Amino acid sequence: MNEEKRLSTTQLAKLRSVSQEQMFGQLSTLGLIEKHDDKWQLTDAGTAAGGVYLTGKYGQYVAWPEDFQLPNAPSKPDAPKLLTATVLGQQFELPANKMNYILSELGWIKKGLKGWLVTEQGLAMGAEQGEDSRSGIPYVRWPEKITRNRALKDNIDNIKGVDKPKTDTDKMDSFRHKFEATHRTTDGHFVRSKAEMLIDNWLYMAEIVHAYERKLPIEEEMYCDFYIPTGKVYIEFWGYENDAKYQARKQEKLAIYQKYNFNLIELTDKDVLNLDDILPRLLLKFGVQAY
């Protein structure tokens with residue numbers, strides 16, 4: 001009698017036309033394998049499903065019957081399905097590397113020496129740190145609910161150049177509509193005050209990539225004054241110290257920055273007069289070097 005052919009998990013992934021990471025992730029989610037000391041091991045459920053240990057060139061590994069079929073996932077409402085950047089990219093019709101850079105720009109992951117590492121903000125979104133079983137390269141997995149996240153969808157739409165109508169919240173932002181952006185900066189931005197023009201010009205001359213009035217990557221509708229992708233730093237310029245409505249708006253914004261633990265630099269009129277002394281020191285705290 002011929003011995004039944006067995007496939008490694010990598011071979012099984014290739015046969016099913018999915019990535020190695022996806023296959024290990026699926027088997028782990030179904031409770032068929034689990035990691036111990038950086039090595040995948042069979043669980044009792046995995047053995048019952050037909051998994052065995054074989055020994056090859058690189059030592060012992062888990063193998064599966066050639067006709068192995070993944071069982072249905074147990075019903076666990078408290079255990080959300082986790083998606084890799086590859087799967088996320090497929091849903092949004094983007095390559096995995098671009099998907100990772102979008103997630104990084106949102107501040108949910110950061111580039112490691114190799115691969116991607118989840119940030120504190122990413123953990124708050126339900127992400128989990130993963131690691132390639134062979135190379136050890138880190139990657140991040142995401143709950144399925146992330147596909148409905150407004151901030152993520154807005155960023156993807158921006159990348160794709162999708163025009164979106166103004167929302168009621170946009171129309172209700174009285175401050176941004178009361179003070180029109182009429183001051184043109186050196187790099188072509190139009191900002192709302194001379195102080196913002198000086199800040200923008202300083203960043204441009206320091207060759208620091210920055211965005212003006214970028215929407216924060218949160219569900220709440222809020223825009224920062226400036227955003228620096230390197231270091232994931234937000235800059236707010238506070239003026240109108242004697243305006244009660246402005247002060248109330250300032251406190252609301254500060255509460256949101258604190259809620260999400262964003263990197264924030266606050267500038268006043270006095271600071272704007274000494275940007276060469278103030279900004280390099282403040283930026284360096286977040287790993288951004290000027291000049």
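In the predicted model, Leu 267 has contacts well beyond its sequence neighbours. Residues up to four places away aside, Leu 267 touches Ile 199, Ile 235, Glu 236, Phe 237 and Trp 238. Leu 275, Ile 278, Leu 279 and Leu 282 complete the list. Leu 267 belongs to the largest nonpolar core, which has 24 residues. Leu 267 is among the residues with the most contacts inside this core, together with Trp 202, Leu 203, Ile 208, Leu 279 and Leu 283. Helices and strands both contribute. Helices α10 (194–205) and α13 (275–284) each supply at least two core residues. The same holds for strands β14 (226–228), β15 (233–237) and β16 (263–267). In soluble globular proteins, nonpolar side chains tend to be buried together.

Another core lies apart from the largest one. This core has 21 residues, among them Leu 88, Met 99, Ile 102 and Trp 142. Leu 88 is also one of the buried residues of helix α4. The others in α4 are Ala 85, Val 87, Gly 89 and Phe 92. Their cover includes three helices, α2 (20–29), α5 (96–105) and α7 (150–160). Strands β6 (82–83) and β10 (138–143) are also included in that cover. Helix α4 is followed by Glu 93, whose phi is positive, near 60 degrees.

Gln 91 lies in α4, which spans residues 85–92. Its relative accessible area is 43%, so Gln 91 is partly exposed rather than buried, the cut-off for burial being under 20%. Neighbours within four places in sequence aside, Gln 91 is in contact with Leu 83 and Thr 147. Gln 91 and Thr 147 are 56 residues apart in sequence. In space, their C-alpha atoms are 8.2 Å apart.

An open sheet of three strands has the order β1-β5-β4. Its pairing is antiparallel. Strands β1 (6–8) and β4 stand at the edges. Each has a single partner strand, so one side of each is left without a neighbour in the sheet. On average, neighbouring strands of this sheet are turned by 55 degrees against each other, direction ignored.

Strands β4 (residues 52–56) and β5 (residues 59–65) pair over five bridges. A hairpin of two residues joins β4 to β5. Thr 55 stands opposite Gln 60 in β5. Val 52 has Ala 63 of β5 as its bridge partner. In a regular strand the side chains alternate between the two faces of the sheet.

Ser 8 is found in the edge strand β1. Its relative accessibility is 9%, so Ser 8 counts as buried under the 20% cut-off. Beyond its neighbours within four places in sequence, Ser 8 is in contact with Tyr 61, Val 62, Ala 63 and Trp 64. Ala 63 thus recurs in the description of this sheet, as the bridge partner of Val 52 and as a contact of Ser 8.

Overall, the protein has 13 helices and 16 strands. Of its 291 residues, 43% count as buried. Among contacts between residues at least 6 apart in sequence, 47% join residues at least 24 apart. The protein exposes about 17400 Å². Carbon and sulfur atoms supply 50% of this area.

Conventions
Residues numbered from 1 in each chain as written. Predicted model: local features only at pLDDT ≥ 70, side-chain atom pairs only at ≥ 80, totals over all residues. Heavy atoms only, no water. Helix = DSSP H or I, 4+ residues; strand = E, 2+ residues; numbered from the N terminus. Buried < 20%, exposed > 50% of the residue type's maximum accessible area, 1.4 Å probe, protein only. Contact = heavy atoms within 4.5 Å. Core = buried A, V, L, I, M, F, W, Y, C linked by side-chain atoms within 4.5 Å. Pairing = 2+ DSSP bridges. Axes fitted to C-alpha atoms, helices over the stretch in contact; angles between N-to-C directions. Areas by Shrake-Rupley, 256 points an atom, 1.4 Å probe, with all protein chains shown as cover.
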